[in-house]
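Me: I would like a close look at one part of this model: where protein meets DNA. Please keep it brisk.

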Protein chains: 4
Amino acid sequence: MLDAAVRVFSRHGYHGASMDEVAERAGISKPMVYAYLGTKEELFIACLHREATRMMEAIAGAAVPDLPADERLWHGLRAFFGFVGAHRDGWAVLYRQARAERAFADELAGMRARIVEVVVGMLDHALRAEGREVAETELEVVAYALVGATESLGDWLADHPEADPEKTATRMMNVAWLGAGQLLHGVTWHPPER
Amino acid sequence: MLDAAVRVFSRHGYHGASMDEVAERAGISKPMVYAYLGTKEELFIACLHREATRMMEAIAGAAVPDLPADERLWHGLRAFFGFVGAHRDGWAVLYRQARAERAFADELAGMRARIVEVVVGMLDHALRAEGREVAETELEVVAYALVGATESLGDWLADHPEADPEKTATRMMNVAWLGAGQLLHGVTWHPPER
Amino acid sequence: MLDAAVRVFSRHGYHGASMDEVAERAGISKPMVYAYLGTKEELFIACLHREATRMMEAIAGAAVPDLPADERLWHGLRAFFGFVGAHRDGWAVLYRQARAERAFADELAGMRARIVEVVVGMLDHALRAEGREVAETELEVVAYALVGATESLGDWLADHPEADPEKTATRMMNVAWLGAGQLLHGVTWHPPER
Amino acid sequence: MLDAAVRVFSRHGYHGASMDEVAERAGISKPMVYAYLGTKEELFIACLHREATRMMEAIAGAAVPDLPADERLWHGLRAFFGFVGAHRDGWAVLYRQARAERAFADELAGMRARIVEVVVGMLDHALRAEGREVAETELEVVAYALVGATESLGDWLADHPEADPEKTATRMMNVAWLGAGQLLHGVTWHPPER
DNA sequence: CATGAATGAGTCTTCATTCAT
DNA sequence: TATGAATGAAGACTCATTCAT
C-alpha cells in the first residue's frame with residue numbers, strides 16, 4: 001500500500017497528490033487509507049520513513065565497519081547509487097518533496113544526520129589511523145559536503161534513467177576520496193593573502 | 001513587488017503561499033498581481049529567475065576568467081556563500097521549493113546547467129594547462145558533484161544563521177579543490193578488483 | 001448496552017456521537033449494535049424511550065391518584081426533580097437532543113402528551129371538586145405551561161450539580177401551585193382595557 | 001443573507017443544514033458565505049445573535065420600565081408571543097438547535113441570562129413596592145421557571161400555526177401573574193410534614 | 001453468533017482566478 | 001487603470017452502514 005503512495009507522491013509531488021488517487025492506485029477505498037496510515041501528512045512520513053530505512057539498510061549492509069576507510073566508502077557509495085538507481089521513482093522525489101515542506105524537515109534532518117554521523121565516524125577513524133585529529137565541527141561540515149554531493153549525484157541519476165549507477169558511484173568516489181584523501185594526509189587549502 | 005512574493009514564498013513554501021498574501025504584502029490588489037506577473041506559477045518563476053540572475057551575477061562578478069583556476073574557484077565559492085548568507089531567506093527556500101515541483105524543473109535545470117558549464121570550463125581549462133584532457137561527460141559529472149556539494153552546504157548555511165559564509169566557503173574549497181586538484185594531476189581512483 | 005449509548009449521546013450529542021464509540025463503550029462490536037438496536041436513529045429512540053419510561057414510572061409511582069391535588073402535584077414534582085438530579089447526565093441531554101431533531105419530535109411529543117394529560121386530569125379533578133369547569137383546551141395550555149416551566153427548571157438543575165433537587169421542587173411547587181391555586185378558585189387575569 | 005441561513009437551519013436543523021443549501025438559498029456562492037460570515041458555526045451564531053437581538057428589542061420596546069409590574073409583564077409577554085408568532089420559523093428552531101449543541105450554550109445562556117435578569121428586576125421591584133424582600137437566588141429560580149414556562153409555550157406556539165399569539169400570551173399571563181401575584185403577597189407554599 | 005475490514009456518500013473549507021465597476 | 005466582489009473546482013476527512021469470515 002505504501003508502494004502506491006510512493007508512486008503517487010513521486011509522480012505528482014506531495015501537494016499534487018490526492019488521497020483519492022492514492023486509494024485508487026492502492027486498490028482500496030479512501031477510508032482504509034486513513035484507517036491504516038492516517039492523515040496525508042502521516043502517510044507521507046510513513047513513505048519517507050520506509051524509503052529512508054530501506055536505503056540506510058542497503059548502505060549499512062554494504063559499508064561494513066571492518067573494511068579500510070576507502071573500501072568502506074566505496075561500498076557505501078555503490079550501495080547508495082545502486083539503491084537510487086533501483087528506486088529512481090521513489091527516492092529522488094521523496095527527497096525533493098521532503099525538502100520543500102517544513103513539516104518534514106525534522107524527519108529529513110534526522111535521516112541525514114544519521115548518514116552524516118556515519119561519514120564523520122569514518123573520516124575520524126581514518127584520521128586517527130594517520131595519527132591526525134580534527135575538530136568535530138570541521139569534520140561535520142566536510143561530511144555534510146560529501147553527503148550533499150552524493151545526494152546531488154543521486155538526484156542526477158534519478159533524472160537520467162540511462163546512466164549507470166556503478167559508474168556514477170565511481171565518479172563520486174573519485175571526487176570524494178581524492179579530496180578526502182588529501183585532507184587525510186594533512187594537506188589543506190588556505191585562502192590566498194589579499 | 002517581487003520582493004513581496006519572494007518573502008511570502010520563502011515563508012510558506014510555494015503551495016502554502018496564497019496570492020492574497022502576496023498581494024497584501026506587496027500593497028497592491030490581487031488583479032494587479034495577475035496583470036503584471038500572471039499566474040502563480042509564472043510569478044514563482046519570475047522570482048526564481050530574478051534570484052538566480054542576481055546570484056549568477058554575484059558569482060560571475062567575482063570569479064573572473066583571467067584568474068588561475070584555484071583562485072577563480074575560490075572567489076566563486078566565496079561569492080556564492082556570501083550571496084546565500086545575505087539572502088538566506090530567499091535562496092534556500094526558492095531552491096528547495098523549485099526542486100519539489102515538476103513545473104520548475106526546467107527553470108532550475110537551466111540555472112544549474114549554466115553553473116555546471118562554467119565549472120566544466122574551469123576544469124577543462126586547468127586540465128589543458130596541465131597538458132591533459134578528459135571526456136566532457138566525465139567533467140560534467142565531476143562538476144555536477146561539486147555544484148551539488150556546494151548547494152548542499154548553501155542549504156546548510158541557510159539553516160544556520162550563526163554560521164560564517166566565508167568560513168563555509170573555505171571548507172568547501174578544501175573539499176572541492178583538494179579533490180579536484182588531485183584529479184587535475186591525473187590521479188584517479190579505481191574500484192578494487194573483486 | 002443502552003447505558004453506554006445514553007452516556008455517549010449525552011456527552012457528545014446525537015450528531016457528535018459516533019457508533020464506533022457507542023460500540024466501544026458498550027464493549028461489543030459495531031455490527032452487534034446494529035443487530036440489536038438497528039439504526040443510529042432507532043438506537044437514540046430506544047434510549048429516549050427507556051429514559052422517558054423510567055421517569056414516568058418514577059413520577060407515577062409518587063403522584064398516586066388518591067392524594068389531594070396539591071399533594072399529588074408536590075409528590076410528582078419531587079419525583080421529577082429527584083429523577084433529573086439522579087440522572088443529570090442522561091435526562092437533560094437526551095431531552096435537549098431530542099428537541100433538536102425533527103425525527104424525534106413525535107417521540108418527544110408523545111412523551112410530553114402523556115404528562116400533560118396527567119396534569120390536565122389533575123387540574124380538572126381539582127376544578128370539579130370546586131364545582132367549576134373549564135374548557136379542555138384551556139387546561140391543556142395551562143398544563144403545558146406548567147410542564148414547560150418544570151422541564152426548564154429540570155434543565156437548570158441538570159446544569160447545576162450543586163443544586164438540591166428537593167429545594168428546586170419546592171420552588172417549582174410555589175410557582176405552580178400558587179398560580180394554579182388561584183386559577184382553581186376562579187380568579188383570572190384579563191388584559192387591561194386599552 | 002442571514003434570512004436564508006435562518007430558513008435553512010430551521011428546516012433541517014444545524015447539522016442537517018448544508019452550506020451548499022444556505023448558499024443556494026441566499027442566491028450567492030459558497031465562498032461568499034464563508035467570506036462574509038465565516039464558518040458554519042459562526043454563521044449559526046450570527047443567526048442566533050440576530051434573532052435574539054430582534055426579540056429582545058421587541059420585548060424591551062414593549063415592556064417599558066415605568067409601567068406597573070403586571071402591565072409590564074403583560075406587555076412583555078405579548079411582545080414575546082407576538083414575535084414568536086411572526087417568526088415561528090426562525091425562533092423556535094434556532095432555540096431548539098442552540099440547546100442541542102454545546103458550542104452554542106454560552107450564546108444561549110447569555111441571551112437567557114439577560115431575560116432572567118429583567119424578570120428578576122421586575123419581581124424585585126414589585127416586591128419592594130409591597131415592602132417585602134426576597135433573596136436574589138430565590139427570585140432567580142422563580143424567574144427561571146417563568147421564563148422556562150414562557151419559552152415552552154413559545155415552542156408550542158411555533159408548532160401550532162393556527163394558535164393565536166395574543167391568546168397564548170393571556171394564558172401565560174394567567175399562570176405567571178396569579179402565581180407571581182400570590183408570591184408577591186407573601187403567600188408561600190411549604191412541603192407537607194411527613 | 002460475533003467481528004474485522006471495507007466503503008459510498010457527503011461535508012466543510014480553501015484558493016487561484018476573473019468580471020463589472 | 002485598479003479593485004472589490006464573486007466563483008468553479010477540488011481536496012481532506014468522517015461516518016453510518018454492511019459483507020465475508
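How far does a backbone N or O atom of Met19(A) lie from a phosphate oxygen of DNA strand F?

Reply: The model is predicted: local features need pLDDT of at least 70, side-chain atom pairs count only at pLDDT 80 or more, and totals for chains, interfaces and linings use all residues. Residues are numbered from 1 along each chain as its sequence is written, chains are lettered from A and ligands numbered from 1 in the order written, and side-chain values use heavy atoms, leaving out hydrogens and water.

The distance is 3.0 Å, from a backbone N or O atom of Met19(A) to a phosphate oxygen of DNA strand F. That is a polar contact (a pair of N or O atoms within 3.5 Å; within protein, one must be able to donate a hydrogen and the other to accept it, and residues adjacent in sequence count only if both atoms are side-chain atoms). Side chains reach phosphate oxygens of strand F too. Tyr34(A) does so with a polar side-chain atom at 3.1 Å. In Ser29(D), a side-chain N or O atom lies 2.6 Å from a phosphate oxygen of the strand.

Now the wider surface. DNA strand F is surrounded by 27 residues, counted as near if one heavy atom lies within 4 Å. The closest are Lys30(A), Lys30(C), Ser29(D), Pro31(D) and Tyr36(D). Within 4 Å of the protein, 55% of the strand F atoms are sugar or phosphate, and the rest belong to bases. By class, the surface has 15 nonpolar, six polar and six charged residues. Here Ala, Val, Leu, Ile, Met, Phe, Trp, Tyr, Cys and Pro are nonpolar, Asp, Glu, Lys and Arg are charged, and the others, Gly among them, are polar. The α3 helices of chains A, B, C and D each supply at least two residues. Helices are DSSP runs (H or I, at least four residues), numbered from the N terminus.

Turn to DNA strand E. There are 27 residues around this strand, and Ser29(A), Pro31(A), Tyr36(A), Lys30(B) and Lys30(D) come nearest. Sugar and phosphate make up 56% of the strand E atoms within 4 Å of the protein. A polar side-chain atom of Tyr36(A) sits 2.6 Å from a phosphate oxygen of strand E. Chain B adds backbone contacts with phosphate oxygens of this strand: a polar backbone atom of Ala17(B) at 3.2 Å and a backbone N or O atom of Met19(B) at 3.0 Å. The α3 helices of chains A, B, C and D each give at least two residues to the strand E surface. Its residues divide into 15 nonpolar, six polar and six charged.
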